[in-house]
Amino acid sequence: MKNIFYKPGDGWVGDTIPFAHDGKFYIFYLHDERKGNTEDEYGYRTSWNLLITEDGVNIKDCKVVLPVGGYDDADYACYTGSVIEGNDSKFHMFYTAQNNYNPKYHRNGRPLQYVAHAISEDLIHWEKLPELTFGADESIYEPFDWRDPFVFYNEEEECFDMLLAARLQGASEKNGGCVGLCRSYDLIHWKAMQPFYNPQSYMTHECPDLFKMGDKWYLIFSTFSEKFVTHYRMADKISGPWTAPIEDTFDARAFYAAKTAQAKDVRMAFAWVPTKRGDSDFGQYEWGGNLIAHEIKQDKDGKLKVKPSNGLINIFEK
């Protein structure tokens, strides 16, 4: 089915979690049916749904692949994370577990956030491993901001690293967000490390993503301190230092929670563009909306830019 800006018939697209496999993009996303108790309650209990595409336009909808948990589970809502292929020939999904309603998963009236784990052999059918769920190491990080795990293999350190939207203990609520770091050698046991990136500039660094293009490393994250945008930082080494170009965002305001994947020789950024209250141009931005896919291009000086995908261009050429 061709869609210029995809939206499922029974809901809206929230954060995307793209993964490349066999030349295709497997776009997991937070499926929001907007069944909260108030008009402002978005992302009430998002499952992970799956879209498969090669060009961002011709899309196969596989529906729910990771359902939400029950009232007694930490993952009463399943939020953003990542997918990686392990050394055991299985796919490993790491996602944010949060329960906004059961006091068991609260402290001082606030919901705790956890990293949850699931495995699959085909990217479609997933088995949750609730015994591997873990929260923040509170000797370093706050337990209320511990989400959006992005796992990758660190070739330099010969280990798996996990980036998270996190906050150091006692850090400012206004600009104390950081990109947290955990490390593992088996994808099972994780040790919290000092932050991967801590500029003390934003309330949070949501949906972190990391990739190398050419001889440059790029760190991606989204912020809502001033406006809803996706930023990038660049470095010559994975350890930094990370610098911000003058124009450090993809697209414009509201291209939010972008994460990337590369299939064949094309790296794409997938994000959501929000609906507005009352379907009015003057309505406030809402959480979630339509899927948008951009191709990422690299300039000679290492700076990045985005362009419409070839699949989208081909539609308008016809």
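Two strands count as paired if DSSP finds at least two bridges between them, and strands (E, at least two residues) and helices (H or I, at least four) are DSSP runs numbered from the N terminus. The model is predicted, so local features need pLDDT of at least 70, side-chain atom pairs count only at pLDDT 80 or more, and totals for chains, interfaces and linings use all residues. Residues are numbered from 1 along each chain as its sequence is written, and side-chain values use heavy atoms, with hydrogens and water left out.

**Exercise 1.** Find which residue of β16 stands opposite Lys212, and describe the hairpin of β15 and β16.

Solution. Begin with the pairing: β15 and β16 (residues 216-223) are antiparallel, with six bridges between them. Across from Lys212 stands Trp217 of β16. Two residues lie between the strands of this hairpin, where Gly214 takes a positive phi near 65°. Finally, strand β15 (residues 206-213) is largely enclosed by the rest of the structure, because seven of its eight residues are buried, buried meaning under 20% relative accessible area, exposed over 50% and partly exposed in between (1.4 Å probe, protein chains only).

**Exercise 2.** Work out the order of the strands in the open sheet that contains β6 and β9.

Solution. The four strands follow the order β5-β6-β9-β10, with antiparallel pairing. At the edges are β5 (77-85) and β10 (126-128), each of which pairs on one side only. Within the sheet, eight bridges join β6 (residues 91-98) to β9 (residues 113-120), and Ala97 stands opposite Tyr114 in β9.

**Exercise 3.** Decide whether Phe316 is buried or exposed.

Solution. Phe316 belongs to helix α1 (residues 310-317). Its relative accessible area is 62%, so Phe316 is exposed.
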